[in-house]
Amino acid sequence: MAPALRDEIARRYGTPAIVIDLDRVARNIARLQAACDAAGVANRPHIKTHKSPVLARMQIEAGARGVTCQKLGEAEVMARAGIDDILVSYNLIGSHAVGRLGHLLRESPARITVAADNPVTVAGLAEAAAAGGRRLDVVVECDTGRKRAGVETPGEAVALARDIAARPGLAFAGLLLYPPAGGVAAAQAFLDAAQAGLAAHGLQARIVSTGGTPNLPEIGQVRGTTEHRAGTVIFNDRMMMAAGVAALEECALAVLTRVVSRAGEARGILDAGSKTLTSDTGGGLDGFGLLPDHPGARIAGFAEEHGFLDLAACADRPPVGTLVEVVPNHVCVVVNMVDAFVAVRDGAVVGTIPIEARGLIT
């Protein structure tokens, strides 16, 4: 951003500030929608990245079918904002979650779909459906190589689908996949075997949902996919640049921070520490953010309110008071640290956008 814009943001909102460029946001939204359209799959963007109904509505207006939420609190915020098609891609377990889900089903007209990878979750979902007084669609989460959550074999997927279909108030809706990048063949083999097993029991996966911004080049390559969930692409970050799916000019969020100390010749301190940029290494990236205007500068470490600048390899060492932009390693966790974005468009500040689902981790 231009120096005058940095100065205005710092004067009006202070630093550190989380700044989004709405022109880049709009281009990123359009890029994802175009990729899904070209692949013939629905776009169901993941709002865990931006946590904002304002941005979710931008995605839906551009053509998204609905949204994906990671946690129930996010789904509650989206439903209150009038988003009417919501997938919660996470195991909801325990009386607290079950009670809230039942309340959401009872009070919101939104179409709600949830994921499960075990019978304990399924049993609770049946209780929520009964409390909500309406049918609840459930997709089976499948592990196709990421080794996070999900059943590990097609046979387990079929067994859980049968469990879902047999419970009053639940409907088996399909399969949820998140293949690792380059994992199309393994995901296809899993899906084909699961589909055959489902058919043998009179079941059909109406939804086959794949996910991930790193998988953008592979959207639709798993035959039978009906939708794709991508979150980070709306902003992008240093991890997506390293993965080769985003360029610097496609990064729509930056942390505007100020150099507040230069106590040593080759070091400095930013007023953005671990409470802003977080300590996420982004899977092994060097340092904790990229300073595009100061090549060679590294954010080498943190205290809570201090970012430790290593300037040994930086030819243009910023003096005290300098405003600098940082592209975070992992944008999703940075967003969850603050209450609002500072939004700019056409090189001018347009105001702030609340991050309404910020901090909702249950």
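In this predicted model, Phe-288 is buried, because its relative accessibility of 15% falls under the 20% cut-off. Phe-235 and Phe-341 also count as buried. The relative accessibility is 0% for Phe-235 and 0% for Phe-341. The ring of Phe-288 is paired with that of Phe-302, with 4.9 Å between the centres and 45° between the planes, so this pair is tilted. Phe-288 belongs to the loop between β11 (267-270) and β12 (298-302), and Phe-302 to strand β12. The two residues are 14 apart, and their pair links distant parts of the chain.

The count of aromatic pairs comes to two. Phe-235 and Phe-341 form an edge-to-face pair. Their centres are 5.5 Å apart and their planes meet at 70°. Phe-235 is located in the loop between β9 (227-229) and α9 (238-242), whereas Phe-341 is part of strand β15 (residues 340-345). The pair therefore ties together parts separated by 106 residues in sequence.

Charged groups also sit over aromatic rings. The charged end of Arg-146 lies over the ring of Tyr-178, at 3.7 Å from the ring centre. For Lys-71, the charged end is placed over the ring of Tyr-90, 4.8 Å from the centre.

Arg-146 and Tyr-178 both line the second largest cavity. The volume of this cavity is about 60 Å³. Its lining is completed by Glu-141, Cys-142, Asp-143, Arg-148 and Ala-149. By class, the lining has three nonpolar and four charged residues, with no polar ones. Asp-143 is found in the loop between β6 (136-142) and α7 (154-166). Asp-143 is buried, because its relative accessible area of 7% is under the 20% limit. The side chain of Asp-143 reaches the backbone nitrogen of Lys-147 at 2.9 Å.

The structure contains two cavities of 30 Å³ or more. The largest cavity has a volume of about 80 Å³. Residues lining the largest cavity include Pro-179, Val-184, Thr-210, Asn-215, Glu-218, Ile-219 and His-228. Six residues of this lining are polar, four are nonpolar and one is charged.

Open pockets were examined as well. The largest pocket holds about 730 Å³ of space. It is lined by 31 residues, and those closest to its centre are His-46, Lys-48, Gln-70, Arg-148 and His-330. Two or more lining residues come from each of α9 and α10 (331-335). The lining comprises twelve nonpolar, eleven polar and eight charged residues. Arg-148 thus appears in the lining of this pocket and in that of the second largest cavity.

The second largest pocket has a volume of about 340 Å³. Its lining consists of 20 residues. Met-1, Arg-24, Cys-251, Ala-254 and Glu-325 lie nearest its centre. At least two lining residues are supplied by each of α1 (3-13), β1 (17-21), β10 (253-264) and β14 (323-326). Strand β1 gives the largest share, three residues. The lining divides into 13 nonpolar, six charged and one polar residue.

How values were computed: Residues are numbered from 1 along each chain as its sequence is written. Side-chain values use heavy atoms; hydrogens and water are left out. On a 1 Å grid over the protein atoms alone, a cavity is a set of points where a 1.4 Å probe fits but cannot get out, and a pocket is an open set with protein on both sides within 12 Å along at least five of seven lines; lining residues have an atom within 4 Å of a point. Grid points are joined across faces, edges and corners, and a volume is the space filled by probe spheres set on the points. Ala, Val, Leu, Ile, Met, Phe, Trp, Tyr, Cys and Pro count as nonpolar, Asp, Glu, Lys and Arg as charged, and the others, Gly among them, as polar. Rings of Phe, Tyr and Trp (its six-membered ring) pair if their centres lie within 6.5 Å; planes under 30 degrees apart count as stacked, over 60 as edge-to-face and the rest as tilted. Helices (H or I, at least four residues) and strands (E, at least two) are DSSP runs, numbered from the N terminus. Buried means under 20% relative accessible area, exposed over 50%, partly exposed in between (1.4 Å probe, protein chains only). A charge sits over a ring if NZ of Lys or CZ of Arg is within 6 Å of the ring centre and within 35 degrees of the ring normal. A polar contact is a pair of N or O atoms within 3.5 Å; within protein, one must be able to donate a hydrogen and the other to accept it, and residues adjacent in sequence count only if both atoms are side-chain atoms.
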